[in-house]
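Me: Got a minute to go through a model with me? I'll paste it here.

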2 protein chains.
Amino acid sequence: MSVVQMVKIVGLGAVALTLSVEWLGWLFCRLWPRKISRGPLKEVFFFPTEVACTEHLFTPNSPFPCPCPLPHNINTSFTRLLGHILSASSSLDLCVFAFTNLDLSRAVLALHTRGIPIRILTDMDYTLITGSQIGAIRRAGICVRCDSGAVHMHHKFAVVDGRRLITGSLNWTLTAIQSNKENILVTEEPDLVLPFITEFQRLWDVNDPARRHLPSIAEKPASLVL
Amino acid sequence: MSVVQMVKIVGLGAVALTLSVEWLGWLFCRLWPRKISRGPLKEVFFFPTEVACTEHLFTPNSPFPCPCPLPHNINTSFTRLLGHILSASSSLDLCVFAFTNLDLSRAVLALHTRGIPIRILTDMDYTLITGSQIGAIRRAGICVRCDSGAVHMHHKFAVVDGRRLITGSLNWTLTAIQSNKENILVTEEPDLVLPFITEFQRLWDVNDPARRHLPSIAEKPASLVL
């Protein structure tokens, strides 16, 4: 066999194998599209949610089933939201306008008991509404900062473990969860999560009580500007 | 050359080529990570936004620059949001709690003038607030449906051309845009967009005025249930 023939055969073989690998990949994707990882976590939940027992999320190892009259072991938008919050293993940063929901407050306190660092940013005016959980959370020793500007800190997002964003229209209130039409989007897509992490840190720094009474550079007399 | 030798050469050549293709792909991704498409559109904007002229977005071909005293040609969170709305070429579905912003109303009316089908779902109570644009939008002939339940239709999302989701904490009001701390997330990721499309259609159907006075199956006397 001549060198030219050998090169032809090698070339054809290589092309055939490459095409086969590509074709097999395509076929696999078509046959089992959901079994292939479709990138980072992406979920959407809508509210109002069904009212269901959430006890199993707080005491998963309890030997006794919860005796409450609510439906048990139902997967609702709210149990999935609670599950994401309770999944935190290294940090929880929460930036929420109104916080009155007792189950979500219990989840935050449970994470604190587990020693997970928690930072909460909220709107000063809305810490005063009936049923606000911010007082109880502060008394438990969790670090809370309030935006006390003349306008609203209207965000409703959380970042779990520095990588999972939970955001949407839903305030952490009972009315929002059980009555209103609301949405929550959960994602680990870095291009969406990182801007929220940066904005949280910016708002956290801006609302540091130790800095609140320091004049900003813009407020200083011109002669003091370096 | 024997057949065995030929098969060996063909096999080795194929493996070498396949590995080379994979390795070149990996190298390309490492050297130019940002030049590779990173999947569907993903953007996040925060508010409050700088106040800037938006005239160029409405009249891009105007031979005269806008004489208003605001900063011109500035890329702000709001101009980017407006740009996304004005980019609609086939449809706009809007589901928003409060709608008073004049620029956003102008954008919706501009799309309507271009003949783009628009559907707006809003909260009945909030159509009555000072400055609500819903009346003007209805008078222009745009189809609006109101959720008149005892609780709030608190969503704030839009779907542009059935593929681009705009969602977040931001109501379409001047206070939200120029004063509050707010967020907007824009994505074309199908796993995130499709649930919002489905939920919009569900709420649109539920709030069809023609169906409002028909008893649902659950409301019918038991004997009438089929």
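What follows is a quick back-and-forth on the fold, the interface and some side-chain pairs.

Me: What kind of model is this, and how are things numbered?
Reply: This is a predicted model, where local features need pLDDT of at least 70, side-chain atom pairs count only at pLDDT 80 or more, and totals for chains, interfaces and linings use all residues. Residues are numbered from 1 along each chain as its sequence is written, chains are lettered from A and ligands numbered from 1 in the order in which they are written, and side-chain values use heavy atoms, with hydrogens and water left out.

Me: OK. How many helices and strands in chain A?
Reply: Chain A has eight helices and seven strands. Those are DSSP runs numbered from the N terminus: H or I with at least four residues for helices, E with at least two for strands.

Me: And how much of chain A is buried?
Reply: Buried residues are 42% of the 226 in chain A. Buried means under 20% relative accessible area, exposed is over 50%, and partly exposed is in between (1.4 Å probe, protein chains only).

Me: Which residues of helix 3 of chain A are buried?
Reply: Ser77(A), Phe78(A), Thr79(A), Leu81(A), Leu82(A), His84(A), Ile85(A) and Leu86(A). That's eight of the 10 residues in helix 3 (residues 77–86), so the helix is largely enclosed by the rest of the structure.

Me: Switching to the dimer side of things. How many residues of chain B are in contact with chain A?
Reply: 42 residues of chain B are in contact with 42 residues of chain A. Contact means heavy atoms within 4.5 Å.

Me: What's the buried area there?
Reply: About 3,800 Å² between chain B and chain A, with carbon and sulfur atoms giving 68% of that. Buried area is the accessible area (1.4 Å probe) that two parts lose on being put together, summed over both.

Me: How many polar contacts across it?
Reply: The rule finds 16 residue pairs in polar contact across the interface of chain B and chain A, both residues at pLDDT 80 or more. A polar contact is a pair of N or O atoms within 3.5 Å; within protein, one must be able to donate a hydrogen and the other to accept it, and residues adjacent in sequence count only if both atoms are side-chain atoms.

Me: Which elements of chain B touch chain A?
Reply: Helix 1 (3–31), strand 1 (42–47), strand 5 (156–160), strand 6 (164–168), strand 7 (182–187) and helix 7 (190–206) of chain B each give two or more residues to that side. Helix 1 of chain B gives the most, with nine residues.

Me: How are the two copies related?
Reply: Chain B superposes on chain A by a rotation of 179° with 0.3 Å of shift along its axis, RMSD 0.5 Å. The two copies are thus related as by a two-fold rotation axis. The superposition is by least squares on the C-alpha atoms of residues with pLDDT of at least 70 in both.

Me: Which residue of chain B comes closest to the rotation axis?
Reply: Ala14(B), whose C-alpha is at 1.6 Å. Also, 100% of the interface residues of chain B are interface residues in chain A too, so the copies meet through the same surface.

Me: Salt bridges next. How many between the chains?
Reply: Three between chain B and chain A, while the structure holds 16 over all chains. A salt bridge is a side-chain nitrogen of Lys or Arg within 4 Å of a carboxyl oxygen of Asp or Glu. One joins the side chains of Lys181(B) and Asp147(A), at 3.0 Å from N to O.

Me: Anything within chain A?
Reply: Asp208(A) forms a salt bridge with Arg145(A), with closest N and O atoms 3.9 Å apart. Asp208(A) is in the loop between helix 7 (190–206) and helix 8 (209–212) of chain A and Arg145(A) in strand 4 (residues 143–147), so the pair ties together parts that are 63 residues apart in sequence. Asp208(A) counts as buried at 19% relative accessibility, and Arg145(A) counts as buried at 14%.

Me: And Asn171(B), buried or exposed?
Reply: Asn171(B) counts as buried, at 8% relative accessibility. Asn171(B) sits in the loop between strand 6 and helix 6 (174–178) of chain B, and a polar contact of 3.1 Å joins its side chain to that of Lys156(B).
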